[in-house]
Each structure stands twice: as structure tokens, then as C-alpha cells.
Amino acid sequence: MIRPAWRSSGILVAGMLAACMAPVMAFRVPGAGLTSLAASRLRVSSAAGGRLQRPAVRRLPAVLHMSASAPAADNAAAEGASTDGKPEVRKRILSGVQPTGNLHLGNYLGAIRQWVANQDKYENFFCVVDLHAITAPHVPAELTKSSFDIAALYLAAGIDPNKSKVFIQSHVTAHAELCWLLNCVTPMGWMEKMIQYKEKAKKQGESVSIGLFDYPILMAADILLYQAQLVPVGEDQRQHLELSRDIARRFNDQYCKKKSMPAKGRRVFREPEALIVKEGARVMSLLDGTSKMSKSDPADGSRINLLDPPEVIRKKVSRCKTDSFEGMEWNNPERPECTNLLNIYKAVTDKSEEEILAEVGHMRWGEFKPLLAEALVAHLEPIQSKYAELMEDKSQLKRVLLEGAEAAEAVAGQTNELAKRAMGFTTRQDLA
Ligand code: ADP
Ligand code: TRP
């Protein structure tokens, strides 16, 4: 449950108390009449066609409280019960996957599996980044289906809606809006260094869009809106995370350094950190152990999709690239495929490297491959049946996505509001 900022964090409550005692802690926003509580009541009503409805705003003093550990927009930590009776403050995480094509083993091992494993530890927001999906040519008729697919796979892989908010990015309009604000803060030179853009632009040729170039800024908006402290992603996203940090810092430097603000509170955004798994951070193609398993690889045989039926998995594994060495071993630079397949085997069996070497170290490819295929089939089977259940009757999925969007919007709307105020915009509330 998303709580109003003043209730959701022990740190923030302490910060507010301190603010009462020492007015210097309070940051006065010119003309601001919207408290974080009131802002959290801003709702985009789907019944109203997505237009902002005037919230039942209780007008409170024009003061927003910010502190280094908990910015005003930031109910960025949730309380949970802890064993010693003290409220436990959980860090907030946000992550997302694009609804383009099928989710594959790389997305699952590099990202989603760790989201699931850490659900109790953090306050979680997971989105299906459909706005990112249109940065490459897409088929309109498939976008909705793919978005539901990915959301269903999140749940099927173990994301629990009682512990994590799951939503579709475009359902929370603040993402697109903050992206625009951040566009105007980010120097072109920073963007021209983005490796993923260069790689993808090469593939798209003449038809490459401004959207693809802007992709990392939209990603920064996704993250910064939630004041996320940690962002669990695969290794390939490290540069985008660095950019998000740089943008947050630049925005805070440019717009939050008014003399009237206390040193500690001079920011709107929190600088996020990447949370990158050691294992599964880079699952490689089945056809080339030196290139990443990816949705965009035209060869379907290069990846295991989470929804591949058992016979397809067996066929793909039997056809995957091998070498002429005998036995199975890790980290031989001449055998990237062997390392990759052992890593996959390790990830889906949860066995240790020692156990695996004892079990398969002496095997030939012909013996190891069927073992790997069956381990994959067994690991994916429960995910596939849960997915089928969720897609057969979508009512549960839709409910989860609706509740997720509402919770996300409450948080994102608040941050967006603060960013606009810091940049000097007037808002509709000022007109009331
Ligand atoms: P893709 O690169 O296949 O298009 P996305 O860009 O949608 O996939 O990535 C979604 C998430 O999955 C990101 O966190 C990304 O780092 C992770 N990921 C994608 N491919 C791999 C891979 N081969 N190994 C590990 N993680 C990956
Ligand atoms: N760019 C990410 C990827 O390709 C997807 C993404 C979009 C994302 N927004 C995000 C990941 C925010 C983490 C947080 O994998």
C-alpha cells in the first residue's frame, strides 16, 4: 500500500519534526499550495479519458519538506514490521522490461528472477515499458497483447502483487511528461555517447527515430519519478543508469540550489544505483557465446523464450553452438559457449559450480545437452502453466495492473509536480 509521504517513512516523519523545530529545514516553493499528501491525491481518471481531475485538495501551507535522506516527493521508503519492534525502512526499487517480442532466459535470469528473490527486502515497482517499445518499428495490433503478456509473465515468474506494484508505463502519464522536462536538461553530448543507441541505430538504418535517441532519458524519467534507490537490471543497462544519475544531479544542481533552500534539501531527485546480479547478468546467445541473448536477434534459435514449449526448448538446445573440446568446463576463453551453457545450467538448477563440475565435468556435449534441456523444461514448466492460467481469464491481471497504475501514479505525480515547480512552472492548482 502506498502511504502518504508523511506516514510512509520513519525518516521522513523525523525530518518533518525537525522541520517544525528548525524552520530552516523547510523549503518554500513559490506559490505552492500542494502538499505531498494533496499531490498524492492527484488521480488520472480513466473514466475521464485520462484527463487530470481536480483532486479534493486540502490546501495546506506552501511548504514542501525535503531532506537528504528523504526528499519531499519521496515516500521513498516503506515501513515494514521488523523483529526488534523498530519500523524497518525498505529501500525502493523500480525496474521494467519492454513489451517487444517474447521474454527470454536473459531477461528472466538477468532481471526478473532477482526482482522476485528480493521482493520482501524492498518496496517494489515493476513496469512494462510500452513507451520504450515504440522506439523501434512496432505492430500496433500487437502492442496491447505484448504488454499483457509481459505483465502476466512477471506474475507467473513470482512477482506477488501484494508485495510489488505492477503497472504499464503509458498508464502513468507522468513518465512521458517528465521525459520532456529532462530532455530540456540533458546535453546532447551525453546522449551521443550511449552505446545501446549506436548499436540499435545501426540496425534501424534510415528509419531511426528521435524516440530511440531519447530512450535513455525516458528510462531516467521512469526511475527518477519513483525516487528509486536501486534499479535491478542486466549488465547492458549500466550506462543508462549512470546517465540517470548524471541527469538527476544536473537537475538538482540547476534547479534546486536556491539560497532559500537548506543545503540538505537541495534536490528533487534521488540518484539511483544499479543493482546488477553476478550470475545471469549476461546470458549469451545459444548460437554465439560471445553475443548477448536478445529479443532483437532475428534467429529465434539464439534464445530460449520463457514460453517456448518443451519440444522447442529441446530442439534449440540440441542445435546450439558447441566446440570440439572434450568435457565441460568454466571460463576457458576458447570456449565461451561452454561457459554460457554451464552458467544457464547453474542458474536453473541452483546447484553449486563444484556440484555441477562433479556431475557434468566429464561429459561430452551429447550427454550434457539433454540434461540441460530437461533442467530448462522443468524450471520453466511452472512459470508457463501460471502464465496460461492468468491469460485465460485476464480479470486478475487487469485488476493488478489497475491497482498498480493507481499506486504508481500517486508517487510519480508527486515527483513530477515537484520537478515542474522547481523549474518554475505554474500548475492548475495555482489557478483554483
Ligand atoms: P532485450 O535486450 O532482449 O531487448 P530488454 O532490453 O527488454 O531485452 O531487457 C530487459 C531486461 O533484461 C534488462 O534489465 C536487461 O538488462 C535484461 N537482459 C536483457 N538481455 C539479457 C541477457 N542476455 N542477459 C542478462 N540480462 C539481460
Ligand atoms: N532500458 C531497459 C532495458 O532495455 C528497460 C527499461 C526502461 C528500464 N525503463 C526502465 C529498466 C527503468 C529499469 C528501470 O532493459
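These are my notebook entries on a predicted model of a protein with two ligands.

**Entry 1: the whole chain**

I began with the overall make-up and found 16 helices and eight strands in the protein. I then looked up burial, and buried residues turn out to make up 41% of the 432 residues. Turning to contacts with a separation of 6 or more, I noted that 75% of them join residues 24 or more positions apart.

**Entry 2: ligand 1**

Which residues are closest to ligand 1? I listed 19 residues around this ligand, and the closest of them are G106, G110, V233, G234 and K295. I also asked which element gives the largest share of this shell, and the answer is helix α4, residues 105-117, with four residues. Sorted by class, the shell around ligand 1 holds six nonpolar, nine polar and four charged residues.

**Entry 3: ligand 2**

I repeated the search for ligand 2, which has 13 residues around it, and S95, G96, V129, M219 and D222 come nearest. Two or more residues of this shell come from each of β4 (88-97), α10 (210-225) and β7 (230-233). By class I recorded six nonpolar, six polar and one charged residues in the shell around ligand 2.

**Entry 4: α10 against α11**

Since α10 had come up at ligand 2, I followed this helix to its packing with helix α11, residues 238-255, where the axes lie 9 Å apart and the angle is about 70°. Angles of 65 to 115 degrees count as roughly perpendicular, so α10 is roughly perpendicular to α11. I noted the crossing of α10 past α11 as right-handed. On the α10 side the contact is made by P216, M219, A220, I223 and L224, and on the α11 side by H240, L243, S244, I247 and A248. By class, this contact has eight nonpolar, two polar and no charged residues. M219 therefore appears twice in my notes, as one of the residues that come nearest to ligand 2 and as part of the contact between α10 and α11.

**Entry 5: E337**

Last, I looked up a single residue, E337, which is found in helix α13, residues 336-349. Is E337 buried or partly exposed? I counted 19 C-beta neighbours inside 10 Å, and because a buried residue needs 20 or more, E337 counts as partly exposed. Leaving aside neighbours within four places in sequence, I found E337 in contact with G289, K321, T322 and D323. I also noted L287, which is 50 residues from E337 in sequence and 8.2 Å from E337 in space, C-alpha to C-alpha.

Key: Residues are numbered from 1 along each chain as its sequence is written. Chains are lettered from A and ligands numbered from 1 in the order in which they are written. This is a predicted model: local features need pLDDT of at least 70, side-chain atom pairs count only at pLDDT 80 or more; totals for chains, interfaces and linings use all residues. A residue is near a molecule or strand if its C-beta atom, placed from the backbone, lies within 6 Å of it. Ala, Val, Leu, Ile, Met, Phe, Trp, Tyr, Cys and Pro count as nonpolar, Asp, Glu, Lys and Arg as charged, and the others, Gly among them, as polar. A residue is buried if 20 or more other C-beta atoms lie within 10 Å of its own, exposed if 12 or fewer, and partly exposed in between; C-beta atoms are placed from the backbone. Two residues are in contact if their C-beta atoms, placed from the backbone, lie within 7 Å. Axes are lines fitted to C-alpha atoms, for helices over the stretch in contact, and angles run from 0 to 180 degrees between N-to-C directions. Angles under 35 degrees count as roughly parallel, over 145 as roughly antiparallel, 65 to 115 as roughly perpendicular and the rest as oblique. A crossing is left-handed if the near helix is turned anticlockwise from the far one by less than a right angle, and right-handed if clockwise.
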